[in-house]
Amino acid sequence: GVILASSGLLLMIERGILAQVKPPRPLGKDPPRRGSDEPLGDLEQEVLRDTRNRTIGSACGQRAVPRSVWDLPGGQRRTVLRHLLVSDKYRFLYCYVPKVACSNWKRILKVLEGALDSVDAKGKMDHRSDLVFLADLEPEEISYRLKNYFKFIFVRNPLERLLSAYRNKFGEIKEYQQRYGVEIVRRYRKNGGNSAGDDVTFSEFLRYLLDEEVERMNEHWMPIYNLCQPCAVRYDFIGSYERLGADANLVLERVRSPAFVRFPERQAWYRPVTSETLHYYLCNTQRRLIKELVAKYILDFSLFAYPLPNITSEFCRH
């Protein structure tokens with residue numbers, strides 16, 4: 001049912017309208033941080049939130065769509081329950097999405113629960129310890145929290161998220177190079193058997209994603225829809241990576257976190273994926289791969305109101 005609700009976008013792809021969609025114009029400056037008397041948000045953000053809410057409501061209203069986590073197949077239910085983090089003290093559930101600032105949100109949860117003194121604490125992030133996942137609880141405890149707790153999620157442009165995962169995992173992390181990179185090169189490159197997995201091209205990565213079953217994907221590139229199941233879990237707030245600071249402040253205010261808890265500043269060493277970087281990679285990739293990939297991630301594009309990429313020859317020349 002959800003897929004049928006997105007059939008209009010799929011039809012656009014088939015008819016080539018994909019290439020005509022322009023990227024969104026830059027948003028205005030972020031609203032002030034917590035403590036300011038100035039109003040948060042602007043008209044454009046209100047329209048975006050309303051669009052997301054209406055789209056999700058329409059898609060999730062289809063008869064065949066699961067209405068709760070208990071209606072999901074076992075594998076899908078395990079995935080979403082393992083990605084929902086619990087704060088009983090502040091009564092909220094957060095569905096973490098890798099490559100959408102989830103490490104910083106986990107730091108905040110640890111500070112709120114007293115496991116960390118500060119969000120600026122140094123040291124490698126432990127993604128499991130001192131955190132409670134909904135999957136750790138009994139069925140009746142799960143149902144109670146899903147019904148009564150504030151639930152939120154943060155989303156990101158699907159292609160930008162994939163590019164971020166590609167650059168991070170295959171450019172910096174040996175474990176991923178050995179576990180995934182070696183196999184990707186061997187599978188998609190002629191005479192690629194001698195690769196150490198650290199030279200995977202973006203096109204090879206995309207071909208791998210197209211051949212991979214969604215339910216078997218690594219969480220860093222699994223679609224957000226499959227990770228967090230926005231039809232089975234009715235989220236009270238959907239924040240965006242594009243307005244991370246402002247939206248994070250709204251959430252912190254909503255859950256009544258202590259005033260000293262703030263969303264961490266971006267680290268100086270972090271290399272963000274800019275729109276120019278994304279366009280460079282997309283314009284140097286076969287158009288067929290991009291179109292097929294958009295179709296595979298169509299629910300993330302449609303439900304969270306992200307524009308389809310502009311990959312026309314004219315645009316790419318600029």
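**Exercise 1. Two helices that cross**

Find the handedness of the crossing of α7 and α9, then describe the angle and the contact.

*Solution.* Start with the sense of the crossing: α7 and α9 cross in a right-handed way (right-handed if the near helix is turned clockwise from the far one by less than a right angle, left-handed if anticlockwise). Helices here are DSSP runs of H or I with at least four residues, strands are E runs of at least two, and both are numbered from the N terminus. This is a predicted model, in which local features need pLDDT of at least 70, side-chain atom pairs count only at pLDDT 80 or more, and totals for chains, interfaces and linings use all residues. Residues are numbered from 1 along each chain as its sequence is written, and side-chain values use heavy atoms, with hydrogens and water left out.

Next, take the axes. Those of α7 (residues 158-172) and α9 (residues 202-211) come within 11 Å and cross at roughly 115 degrees; axes are lines fitted to C-alpha atoms, for helices over the stretch in contact, with angles from 0 to 180 degrees between N-to-C directions. The two helices α7 and α9 are therefore roughly perpendicular (65 to 115 degrees; under 35 is roughly parallel, over 145 roughly antiparallel, and the rest oblique).

Last, list the contact (heavy atoms within 4.5 Å). From α7 come Leu162, Leu163, Tyr166 and Phe170, and from α9 come Phe202, Phe205 and Leu209. By class, that gives seven nonpolar, no polar and no charged residues (nonpolar: Ala, Val, Leu, Ile, Met, Phe, Trp, Tyr, Cys and Pro; charged: Asp, Glu, Lys and Arg; polar: the others, Gly among them).

**Exercise 2. A second partner for α9**

Work out how α9 and α13 are arranged, and which residues meet.

*Solution.* The axes of α9 and α13 (residues 287-296) come within 10 Å and cross at roughly 40 degrees. The pair α9 and α13 is therefore oblique, and its crossing is left-handed. On the α9 side we find Ser203, Leu206, Arg207, Leu209, Leu210 and Asp211; on the α13 side, Leu289, Ile290, Glu292, Leu293 and Lys296. Sorted by class, the contact of α9 with α13 holds six nonpolar, one polar and four charged residues.

**Exercise 3. Charged pairs**

Count the salt bridges, then place two of them in the chain.

*Solution.* Side chains of opposite charge can pair when their charged atoms come close. The rule used (a side-chain nitrogen of Lys or Arg within 4 Å of a carboxyl oxygen of Asp or Glu) gives 11 salt bridges.

One of them joins Arg145 to Asp88, with the closest N and O atoms 2.9 Å apart. Arg145 lies in α6 (residues 139-148) and Asp88 in the loop between β1 (84-87) and β2 (92-95), 57 residues apart, so the pair links distant parts of the chain. Arg145 is buried, at 12% relative accessible area (buried is under 20%, exposed over 50%, partly exposed in between, with a 1.4 Å probe and protein chains only). Asp88 is partly exposed, at 37%.

Another joins Arg186 and Glu183, at 2.7 Å from N to O. Both sit in α8 (residues 174-188), three residues apart, which separates them by about one helical turn. Arg186 is partly exposed at 48%, and Glu183 is partly exposed at 27%.
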